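Notebook open, coffee poured. I'm going through this one feature by feature and jotting down what I look up.

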Amino acid sequence: NMYQDLHVIDFHCHFPTSRPWFEGMGPDWRQAYIERVGERRTRRAREQAMAYNKEWRLAWDFPAPEKESPDDAGQAKRWAEEIERYGLRAVGFVTGGGNDHLASLTNLYPDTFIGFAHNYLFAGNAAEELKRGVNELGFRGYKLLAPGLDRPIEDKAAYPVWETCAELNIPVLVHFGVMGSGGGIATHENINPLKLHNVAK
């Protein structure tokens, strides 16, 4: 064992699905951005983001994105092979094109793929969907993109979900801070983790 019995789990990965990766997570914040600033400014922000991403990849010596990617089953196979190659215990996927789609992928490699439910916090059935994700789909946690929400994260309407998380005794991974790169969300009412103060209490 190259890691001398140290078990490494990367618990924050986004499965690169061919479907919209944020599916099921709530309102389409990209569309809301277009409606707020218009097509031209959105296109310009995207161009700037892509230029920044290119510099970022060069700075960290990351390879350029592939021109053609395999289908989702092919991607899952590649991930499983990478996990084996580098001696990881498992990988946690926190998004993957909706709960049902991610479950179909994590079930391909149940010994090394861990799934997180990633459904909209303020949906009328949010708590039930989270329970279904854990009890029926086999997920181990819950993932949220706080700046992608359209209401305060501590809104009382979210408490059924928080209570379900406590009941199920699962970890909750919340993305606070800037979301996306240049042209992404850099200011939002849910950008600060202190917003969870009352929920945590």
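**Val134 and its helix.** I started with Val134, which comes out at 15% relative accessibility. The cut-off for buried is under 20%, so Val134 counts as buried. This is a predicted model, so everything I note here is read from computed coordinates. Val134 belongs to helix H5. I then asked what Val134 touches once residues up to four places away in sequence are not counted. I got Phe139, Leu168 and Ile170. I also checked the C-alpha atoms of Val134 and Ala117: they are separated by 7.4 Å, with the two positions 17 residues apart along the chain.

Next I looked at the rest of H5, residues 126–135. Along with Val134, the buried list has Ala126, Ala127, Glu129, Leu130 and Gly133. Do these line one face of the helix, or are they spread around it? Looking down the axis, I find the buried residues of H5 within an arc of 160°, so they line one face. That fits the textbook reminder I scribbled in the margin: an α-helix has 3.6 residues a turn, so residues three or four places apart point the same way. On the face turned away from the buried side I noted the exposed residues Glu128 and Asn135.

What do the buried residues of H5 pack against? I wrote down helix H4 (99–106), strand E3 (113–117), strand E4 (141–145) and helix H6 (159–168).

**Thr106.** I picked this residue in helix H4 for a closer look. Thr106 is buried, at 6% relative accessibility. Leaving aside neighbours within four places in sequence, I find Thr106 in contact with Phe113, Ile114, Gly115 and Phe139. Phe139 also turned up among the contacts of Val134.

**Strands.** I moved on to E2, where six of six residues are buried, so I logged the strand as mostly covered. Strand E1 (residues 9–14) pairs with E2 in the parallel sense over four bridges, and Asp10 has Val91 in E2 as its bridge partner. E2 also pairs with E3, again in the parallel sense, over three bridges. Here Val91 has Phe113 in E3 as its bridge partner. I followed the chain from E2 through H4 to E3 and noted a right-handed β-α-β crossover.

Then I looked at E4. This strand pairs with strand E5 (residues 172–175) in the parallel sense over four bridges, and Lys143 stands opposite Leu173 in E5. E4, H6 and E5 together make a right-handed β-α-β unit.

**Aromatics.** How many aromatic pairs does a search of the whole structure find? I got six. I took Trp79 and Phe93 from the search: the ring centres are 5.0 Å apart and the planes are at 80°, so I logged the pair as edge-to-face. This pair links distant parts of the chain, with Trp79 in helix H3 (residues 72–85) and Phe93 in strand E2 (residues 90–95), 14 residues apart. Buried or exposed? I checked Phe93, and at 0% relative accessibility it counts as buried. Trp79, at 23%, counts as partly exposed.

I also logged Tyr120 and Phe122, an edge-to-face pair at 5.9 Å centre to centre with 75° between the planes. Tyr120 and Phe122 are buried. Phe122 has a charge for company as well: the charged end of Arg151 sits over its ring, 4.5 Å from the centre. I found Lys156 over the face of Tyr159, at 4.5 Å from the ring centre. One more aromatic entry: Phe15, Trp79, Phe93, Tyr109 and Phe113 form one cluster.

**Positive phi.** Last, I looked up backbone angles. Asp61 has a phi near 60°, positive in a residue other than glycine. I find Asp61 in the loop between helix H2 (39–59) and H3, exposed with a relative accessible area of 68%. Asn169 also has a positive phi, about 55°, although it is not a glycine. Asn169 lies in the loop between H6 and E5 and counts as exposed at 69% relative accessibility.

Note on methods
Residues numbered from 1 in each chain as written. Predicted model: local features only at pLDDT ≥ 70, side-chain atom pairs only at ≥ 80, totals over all residues. Heavy atoms only, no water. Phe/Tyr/Trp six-rings, centres within 6.5 Å; stacked < 30°, edge-to-face > 60°. Helix = DSSP H or I, 4+ residues; strand = E, 2+ residues; numbered from the N terminus. Buried < 20%, exposed > 50% of the residue type's maximum accessible area, 1.4 Å probe, protein only. Lys NZ or Arg CZ within 6 Å of the ring centre and 35° of its normal. Arc of directions from axis to C-beta. Contact = heavy atoms within 4.5 Å. Pairing = 2+ DSSP bridges. Right-handed = clockwise from strand over helix to strand, strands pointing away.
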